Amino acid sequence: MTTAAASDPSLAFVFPGQGSQSLGMLAELAADAPGIEETFAEASEGAGVDLWALSQQGPEDELNRTEFTQPALLAAGVAVWRLWNARGGARPARLAGHSLGEYSALVAADALSLVDAARLVRLRGQLMQAAAPAGTGAMAAVLGAEDALVEEVCAAVSSDAAVVVPANFNSPGQVVIGGHAAAVDSALVRLAERGVRKAVKLAVSVPSHTPLMRDAADRLAVAMDELAWSVPTLPVVQNVDARIHDGVDAIRDALVRQLYLPVRWTGCVQALAASGATRIAECGPGKVLAGLAKRIDKALDARAIGAPADFAKATEDWR
């Protein structure tokens, strides 16, 4: 359980999603904090795999398999969160997580146990992989384009048989598109014709947050019904509409829709800032979300806290 200390309205925590994993993640933090490995062990009970060994020793291609990446990153985010609380860090007023990170945020807010969440997100990864067999789907990052242009082009090249949609609105000028591989390629050609100079195909085969995930989302909803959920002890801004939802049913519905609708991360960070947050901590491995937060709102003091020196400085500065 989290500490009962009063929340600081100027502080928000965000939890990273897929892409932030790496071999050896949190090893330096764990060297001085046995609770890190203990949290991974707890998550391993739910996931059915030794997540600490996998994250430290690999093999890397296994860690990067969606069904293992998701519980490993869940464990990492929750481990850093627990360490922050154990060491007297200030309590944030609100939480958010990018894609898979939304589950980490909900565990941090006591809406779901870590064991249940680890079991659920491994299943989520398996359902996502099954929904789009290898070669079916693709994703690409589009840089320097207006959101409206990306949406217009995706709509223009999509058909019933080959869909491409915006999947992540990550920051102004960074949109990830996804869908059927051929439709993604067509969208990239059309965007280039419209003057977009930079787009990068991503090394993923699962087109997350697109209509290809609708069947996976329906199956995930069934699994959610079998778990014990609680009203969060901290509000969580959810991806699908950048809003805080009241009640377990609304929270779970937003989680289900998140799988086949776009992640509105720009909106999530803007919502945190609008609620009074001036400081944002990225709670987990990597620095992706801290970088995006600064692009979304340059006034934010956004920091990653997954390395010992960064963690110690944030704990001291943000008491």
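A residue counts as buried when its relative accessible area is under 20%. In this predicted model, that cut-off is a handy guide to helix α6, where Gly101, Glu102, Tyr103, Ser104, Ala105, Leu106, Val107 and Ala108 are buried. Because eight of the eight residues of α6 (residues 101–108) fall in this class, the helix is largely enclosed by the rest of the structure. Just after α6, the backbone at Asp110 adopts a positive phi of about 65 degrees.

The stretch leading into α6 deserves a look as well. Ser99 sits in the loop between β2 (91–97) and α6, and with 11% relative accessibility it counts as buried. Its phi is near 60 degrees, a positive value in a residue other than glycine. Strand β2 itself contains Ala96, which is buried with a relative accessible area of 0%. Apart from its neighbours within four places in sequence, Ala96 is in contact with Phe13, Val14, Phe15, Ala105, Val236, Val237, Trp265 and Leu272. Ala105, one of these partners, is also among the buried residues of α6. Ala96 further lies 7.9 Å from Asn239, C-alpha to C-alpha, although 143 residues separate the two in sequence.

Two of the partners of Ala96, Phe13 and Phe15, lead on to the aromatic side chains. Five aromatic pairs turn up in a search of the whole structure. In one of them, the ring centres of Phe13 and Trp81 are 5.4 Å apart and the planes stand at 80 degrees, so the pair is edge-to-face. Since Phe13 belongs to strand β1 (residues 7–15) and Trp81 to helix α5 (residues 66–86), the pair ties together parts that are 68 residues apart in sequence. Phe13 and Trp81 are both buried. Ring pairs also join Phe13, Phe15, Trp81, Trp84 and Phe311 into a cluster.

On the level of domains, the protein divides into domain 1 (8–131 + 212–318) and domain 2 (137–205). Their C-alpha centres lie 26 Å apart, and the contact between them takes 10 residues from domain 1 and 11 residues from domain 2. Where does the largest pocket lie with respect to these domains? Both domain 1 and domain 2 give residues to its lining, so the pocket lies between them.

The largest pocket holds about 760 Å³ of space. Its lining is made up of 31 residues, of which Gln18, Gly19, Asn168, Leu202 and Val204 are the closest to the centre. By class, the lining residues split into 13 nonpolar, 16 polar and two charged. At least two lining residues come from each of α7 (114–131), β3 (137–143), β4 (164–171), β5 (174–180) and α13 (288–296).

Some individual residues add detail around these elements. Asp116 is part of helix α7 and, at 16% relative accessibility, counts as buried. Once neighbours within four places in sequence are set aside, Asp116 is in contact with Leu227 and Ala228. Gly144, by contrast, is found in the loop between β3 and α8 (147–157) and counts as exposed, with 72% relative accessibility. Gly144 and Gln174 are 6.4 Å apart in space, C-alpha to C-alpha, with their positions 30 residues apart in sequence.

A few backbone features complete the picture. Most residues other than glycine have a negative phi, and most peptide bonds are trans. Against that background, Leu26 has a phi near 65 degrees, a positive value in a residue other than glycine. Leu26 is placed in the loop between β1 and α1 (27–30) and is buried, with a relative accessible area of 6%. Which bond departs from trans geometry, and what is its omega? A cis peptide bond joins Gly58 and Pro59, with omega at about 5 degrees. Pro59 lies in the loop between α3 (51–57) and α4 (60–63).

Key:
Residues numbered from 1 in each chain as written. Predicted model: local features only at pLDDT ≥ 70, side-chain atom pairs only at ≥ 80, totals over all residues. Heavy atoms only, no water. 1 Å grid on protein atoms, 1.4 Å probe; cavity = no way out; pocket = protein on both sides within 12 Å on 5 of 7 lines; lining within 4 Å. Points joined across faces, edges and corners; volume = space filled by probe spheres on them. Helix = DSSP H or I, 4+ residues; strand = E, 2+ residues; numbered from the N terminus. Nonpolar A, V, L, I, M, F, W, Y, C, P; charged D, E, K, R; others polar. Domains from an automatic or database assignment. Buried < 20%, exposed > 50% of the residue type's maximum accessible area, 1.4 Å probe, protein only. Contact = heavy atoms within 4.5 Å. Phe/Tyr/Trp six-rings, centres within 6.5 Å; stacked < 30°, edge-to-face > 60°.
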